[in-house]
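Colleague: Could you walk me through how to read a few features here? I'd like the general idea, then the case at hand.

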Amino acid sequence: MSPGELAEPAGPVTSVAVVGASAAGVAVAQALRAHGFEGTVALIDADHRLPYQRPPLSKAVLGTDPVEPPPIAPAQSYAQHRIDLLLGQDVTAVLPGVGVRLADDRHLAGDRIVLATGVRARTLDLPGAALPGVQTLRDAEDAVRLRERLAPGRPLVVVGASFIGLEIAAMARRHGIEVTVVELAEHPLQHAFGAEVGRLVEGLHLRRGVRFRFGVSVRELGGDTAVREVVLTDGTVLAASTVVLGVGVVPRTELALGAGLEVDGQGIVVDAFGRTSDPRVWACGDVASQPHPALAGRGRIEHWEVAVQHGAAVGASLAGHPTAFTGTPFAWSDQYEHTFQYFGRQLPGDDLVVRPGPGPDTFTALWLRGGTLRAVLGYGTPREVGAARRLLDAGHPVQARDLAGDSDLRALARDLDRRRTGQVA
């Protein structure tokens with residue numbers, strides 16, 4: 001599907017129904033009003049809670065305060081902007097050009113429908129997977145359950161060395177909880193960043209007492225009234241009072257499929273502006289398989305900030321201000337003393353430069369392709385990451401030798417900015 005090839009439906013848009021009060025969904029509704037849309041805007045979600053921020057869930061699950069994630073926007077702002085917030089409502093069908101059907105068979109009007117349904121945590125179809133104490137971490141209820149189970153003397157097994165799995169492991173270790181992470185790859189985060197960076201992340205956690213079991217997966221989970229052990233595919237048995245599954249996510253495409261929309265292996269297929277294969281239905285955020293300059297093709301970009309920016313672009317486009325989302329992908333992850341910051345997207349075969357940071361375990365990894373910087377990942381190096389982002393966003397030509405060793409990335413960025421300004425002048 002190519003942008004611009006879809007004929008817009010005739011007639012004015014008088015109502016927009018946004019399915020999913022996620023970061024992307026809220027951003028759509030807010031952007032519609034910010035860009036002057038005067039029709040009705042409905043924001044629908046099955047969760048009864050006021051729309052909330054999800055990134056803090058894994059970071060604050062073992063904090064000193066109860067798990068109460070901050071709201072995306074103040075409760076009063078929805079009424080102030082004439083956004084009809086329908087919480088605790090399941091959408092069972094999308095009816096393009098008509099609206100949506102709710103679980104109680106009510107119909108909600110929507111000349112345009114936006115699917116911001118996000119993703120769900122992937123589960124494992126294994127013996128014992130339904131035992132109490134086996135869970136994912138995707139919403140506030142998950143966080144509350146996890147908080148109630150984690151305590152010193154109650155070993156934790158994390159399946160999957162993803163960012164969320166490592167965040168949970170780090171929080172647990174800071175509270176003296178025994179943690180084992182099971183990962184099929186040879187290093188944590190290897191699928192995303194490669195073996196060299198994976199080894200650095202592994203060392204960070206090993207030195208803080210996390211145990212890893214690499215190259216294996218889970219065969220079964222054992223216990224009577226609750227999980228008590230994890231049996232690995234090599235026969236190893238791990239004691240576990242709690243098991244957290246961090247084995248990826250699945251896009252929520254059921255409504256799109258039911259409406260006959262195009263869906264691929266990544267999610268709901270959209271063009272550069274967020275239109276699906278039916279121009280009366282749009283999609284954004286984690287569920288969208290979108291074209292983006294940082295990607296080799298189309299795909300999902302599962303970052304909170306990206307979801308906000310993508311939703312804002314879709315809202316602007318729906319309000320009559322065509323806006324393609326082209327912002328630099330960004331993600332972060334709090335682990336121990338510092339934060340991982342990640343900008344851009346690298347591809348297999350990109351040239352990697354790793355620079356040691358100023359303190360123990362800190363580092364900056366940079367990926368280059370075709371003479372330009374394509375991605376940066378830093379742990380405890382915010383200034384270097386900031387300078388690298390300037391290089392990335394500006395598309396300055398750089399070589400690996402410019403970034404290696406103890407070269408000053410901030411000075412390099414300033415120098416290349418001056419050169420570009422001089423050339424323009």
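Modeller: Sure. Let's begin with strand pairing: strand S23 (residues 338-344) and S26 run antiparallel and are joined by five bridges. Keep in mind throughout that this is a predicted model.

Colleague: Fine. Which residue stands opposite Val376 in S26?

Modeller: That's Phe343.

Colleague: And how many bridges join strand S25 to S26?

Modeller: Seven, between S25 (residues 363-369) and S26, and the two run antiparallel. For one pair to look at, take Trp367, whose bridge partner in S26 is Ala375. S25 and S26 also make a hairpin with two residues between the strands, and there Gly370 takes a positive phi near 60 degrees.

Colleague: With partners like those, is S26 enclosed or open to the outside?

Modeller: For that, go residue by residue and ask which ones have under 20% relative accessible area. In S26, seven of the eight residues are buried, so the strand is largely enclosed by the rest of the structure.

Colleague: Back to positive phi for a moment. Which residues have a positive phi of about 60 degrees although they are not glycines?

Modeller: Leu189 is one of them. Leu189 is found in the loop between strand S11 (179-183) and helix H6 (190-193), and it is buried, with a relative accessible area of 4%. Tyr336 is another non-glycine with a positive phi of about 60 degrees. You'll find Tyr336 in the loop between strand S22 (330-335) and S23; this residue is buried too, at a relative accessible area of 9%.

Colleague: Let's turn to pockets. How do you find empty space in the first place?

Modeller: You roll a probe the size of a water molecule over the atoms, and that shows where empty space is left. In this model, the second largest pocket holds about 260 Å³ of space.

Colleague: What lines the second largest pocket?

Modeller: There are 16 lining residues, and Pro293, Ala294, Leu373, Arg374 and Leu392 lie nearest the centre. Sorted by character, the lining has five nonpolar, seven polar and four charged residues.

Colleague: Which elements each supply at least two residues of that lining?

Modeller: Strand S26 (372-379) and helix H10 (382-394) do. The largest share, three residues, comes from S26, the strand with seven of its eight residues buried.

Colleague: Now the little sheet with S20 in it. In what order do its strands come?

Modeller: Read across the sheet and note the neighbours: the order is S18-S20-S21, in an open sheet of three strands with mixed pairing. Strand S18 (268-269) and strand S21 (298-299) are the edge strands, each pairing on one side only. S20 (residues 288-291) pairs with S21 in the antiparallel sense, over two bridges. To see this pairing on screen, find Gln290, which stands opposite Gly299 in S21.

Colleague: One last case, a loop residue. Where does Thr117 lie, and what does it touch?

Modeller: Place the residue on the chain, then list its neighbours. Thr117 lies in the loop between strand S7 (112-115) and strand S8 (119-121). Leaving out residues up to four places away in sequence, Thr117 touches Val19, Arg252, Leu255 and Val287.

Colleague: How far is the backbone oxygen of Arg252 from a polar atom of the Thr117 side chain?

Modeller: The distance is 2.9 Å, and the cut-off for a polar contact is within 3.5 Å.

Note on methods: Residues are numbered from 1 along each chain as its sequence is written. This is a predicted model: local features need pLDDT of at least 70, side-chain atom pairs count only at pLDDT 80 or more; totals for chains, interfaces and linings use all residues. Side-chain values use heavy atoms; hydrogens and water are left out. On a 1 Å grid over the protein atoms alone, a cavity is a set of points where a 1.4 Å probe fits but cannot get out, and a pocket is an open set with protein on both sides within 12 Å along at least five of seven lines; lining residues have an atom within 4 Å of a point. Grid points are joined across faces, edges and corners, and a volume is the space filled by probe spheres set on the points. Helices (H or I, at least four residues) and strands (E, at least two) are DSSP runs, numbered from the N terminus. Ala, Val, Leu, Ile, Met, Phe, Trp, Tyr, Cys and Pro count as nonpolar, Asp, Glu, Lys and Arg as charged, and the others, Gly among them, as polar. Two strands pair if DSSP finds at least two bridges between them. Buried means under 20% relative accessible area, exposed over 50%, partly exposed in between (1.4 Å probe, protein chains only). A polar contact is a pair of N or O atoms within 3.5 Å; within protein, one must be able to donate a hydrogen and the other to accept it, and residues adjacent in sequence count only if both atoms are side-chain atoms. Contact means heavy atoms within 4.5 Å.
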